[in-house]
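Here is a small set of exercises to work through with the model open beside you. Each one gives a task and then a solution in steps.

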Amino acid sequence: MRTIRYDKNAMPVPYQACSHPVLPVEILKNVDTAEERITLAYFKSAAWQTITVDRSVCANTNKIVDALSQFGIEVTSDNAKNMVRYISDCVGLNPATLNPKKSINRLGWAGGEFMPYASDIVYDGENDYSSLFRNVHEAGDYEAWKRYCSGLRKNKIVRMAFGASLGSVLIEPLNILSFILHLWGGESGTGKTVAIMAGMSIWGNPKIGALVKTLDGTKVGIIRNAAFCIPCHLQEMNFRPCRRNIRGILTSSYTA
């Protein structure tokens, strides 16, 4: 790929930006932060591949080498300046084709729309949360699910779990305080896990490890999960490994 510069006589001089094809194909603009990311398509090893990076990466000769070379794109300290100029020219000369698309890196409300059901917002989150995002989807037989869960709702704990799960999405539009549903029991077999899984089945895959998470992790991990899933995340409360720090974990979950 080549880019054009001009000499002191205003004559065009071609410079090589990369030894193989590279094209910016999409620009994503985060609806929360207004920050942009750019998707580059590149032809390497007889196949087209894509990578999405921050716009700041493609505007800095040092960052572009570190970010792109590890994925096999032939950019070095020698041609980095030409690559930055080439990508900038492509974006600047194709405003209609590369008009920024709205993106988001979490679940929940985005203005008047709700992810992942918004039709004009693209998910652009960390790979660590991609599986969690994909687990929010419709599957199975709705009538069979409704009949089965109607029976489960005769149990007070299950009704509370359903109410917490459905009520969580009303926190933001109603501008009210968040809440925690803490199901605690000293013995197994009392229906806590079943209640949590039933409540999460409203949104998607209720298996433990899919949408149902435990609180056995660190405070940072809990906060990141809560930030990604707000306002529709319901965690399974499992404090056995961390009873000495229950207050801190509850505080982390609440303030997240």
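**Exercise 1. A serine in a helix**

Find the place of S165, decide whether S165 is buried or exposed, and name the backbone oxygen that its side chain reaches.

Step 1. S165 sits in helix α5, which covers residues 156-167. Helices here are DSSP runs of H or I with at least four residues, strands are runs of E with at least two, and both are numbered from the N terminus.

Step 2. The relative accessibility of S165 is 1%, so this serine counts as buried. The classes are buried under 20% relative accessible area, exposed over 50%, and partly exposed in between, with a 1.4 Å probe and protein chains only.

Step 3. The S165 side chain reaches the backbone oxygen of G199 at 2.9 Å. A polar contact is a pair of N or O atoms within 3.5 Å; within protein, one must be able to donate a hydrogen and the other to accept it, and residues adjacent in sequence count only if both atoms are side-chain atoms.

A note before you go on: this is a predicted model, where local features need pLDDT of at least 70 and side-chain atom pairs count only at pLDDT 80 or more, while totals for chains, interfaces and linings use all residues. Residues are numbered from 1 along each chain as its sequence is written, and side-chain values use heavy atoms, with hydrogens and water left out.

**Exercise 2. Charged partners**

Find which residues form salt bridges with E36, and where the partner of R106 lies.

Step 1. Begin with the idea: side chains of opposite charge can pair when their charged atoms come close. The criterion is a side-chain nitrogen of Lys or Arg within 4 Å of a carboxyl oxygen of Asp or Glu, and a search of the whole structure finds 12 such salt bridges.

Step 2. One partner of E36 is K29, with the closest N and O atoms 3.6 Å apart. E36 is partly exposed at 24% relative accessibility, and K29 is partly exposed at 34%.

Step 3. E36 also meets R55 in a salt bridge, at 2.8 Å from N to O. Because E36 is in strand β4 and R55 in the loop between β5 (47-54) and α1 (61-69), this pair ties together parts that are 19 residues apart in sequence. R55 is partly exposed, at 30%. Through shared partners, K29, E36 and R55 join into one network.

Step 4. Now take R106, which forms a salt bridge with D32 at 2.8 Å, N to O. R106 lies in the loop between β6 (101-104) and β7 (108-110), and D32 in the loop between β3 (22-30) and β4 (36-44), so the bridge ties together parts 74 residues apart in sequence. R106 is buried at 16% relative accessibility, whereas D32 is partly exposed at 42%.

**Exercise 3. Aromatic rings**

Count the aromatic pairs and work out how the rings of F114 and Y117, and then those of Y123 and F133, are arranged.

Step 1. The structure holds 9 aromatic pairs. Rings of Phe, Tyr and Trp (its six-membered ring) pair if their centres lie within 6.5 Å; planes under 30 degrees apart count as stacked, over 60 as edge-to-face and the rest as tilted.

Step 2. F114 and Y117 have ring centres 6.2 Å apart and planes at 15°, so they are stacked. F114 is buried at 12%, while Y117 is partly exposed at 49%.

Step 3. Y123 and F133 are stacked because their planes are at 15°, with centres 4.0 Å apart. This pair links distant parts of the chain, 10 residues apart: Y123 in strand β9 (residues 122-123) and F133 in helix α3 (residues 130-134). Y123 is buried at 19%, and F133 is buried at 14%.

Step 4. Ring pairs also link W109, F114, Y117 and W203 into a cluster.

**Exercise 4. Backbone details**

Locate the cis peptide bond between M115 and P116, and find the sign of phi for S45 and A46.

Step 1. The bond from M115 to P116 is cis, with omega near 20°. P116 is in the loop between β8 (113-115) and β9.

Step 2. S45 is not a glycine, yet its phi is positive, near 55°. S45 is in the loop between β4 and β5 and is exposed at 68%.

Step 3. A46, also not a glycine, has a positive phi of about 65°. A46 lies in the loop between β4 and β5 and counts as exposed at 71%.
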